Amino acid sequence: MPDETGGNPIAASDLADQMMKAAGEAGIAPSELHEEVGSVFEVIFEAMARRRDG
């Protein structure tokens with residue numbers, strides 16, 4: 001997780017895009033990720049906010 005301020009939707013979106021690309025390169029379909037976590041963006045965004053808060 002980069003040292004971004006929590007609540008930065010642009011950084012979270014960039015990370016989600018990178019993760020989806022890496023997953024695709026590893027043979028993981030987007031549908032598999034959505035089944036597991038719902039929104040990749042939301043998971044990353046929440047993790048960044050929690051990291052900021054403590």
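Just after helix α1, Gly27 adopts a positive phi of about 85°. The structure is a predicted model, in which local features require pLDDT of at least 70 and side-chain atom pairs count only at pLDDT 80 or more, while totals for chains, interfaces and linings use all residues. Residues are numbered from 1 along each chain as its sequence is written, and side-chain values use heavy atoms, with hydrogens and water left out.

Helix α1 comprises the 17 residues 9-25 and extends 24 Å from its first C-alpha to its last, close to the 24 Å expected at 1.5 Å a residue (the expected span being 1.5 Å times one less than the number of residues). At the start of α1, a side-chain oxygen of Asn8 lies within 3.1 Å of the backbone nitrogen of Ile10.

The buried residues of α1 (buried meaning under 20% relative accessible area, exposed over 50%, and partly exposed in between, with a 1.4 Å probe and protein chains only) are Ala11, Ala12, Leu15, Ala16 and Ala23. Viewed down the axis of α1, these residues fall within an arc of 135°, so they line one face of the helix; the arc is that of the directions from the helix axis to the C-beta atoms. The face turned away from the buried side bears the exposed residues Ile10, Asp17, Gln18, Lys21 and Glu25.

The protein chain contains three helices and zero strands (DSSP runs of H or I with at least four residues, and of E with at least two, numbered from the N terminus). Of its 54 residues, 20% count as buried. Among contacts (heavy atoms within 4.5 Å) between residues at least 6 apart in sequence, 70% join residues at least 24 apart.

Key: Polar contact = N/O pair within 3.5 Å; in protein donor to acceptor, adjacent residues only side chain to side chain.
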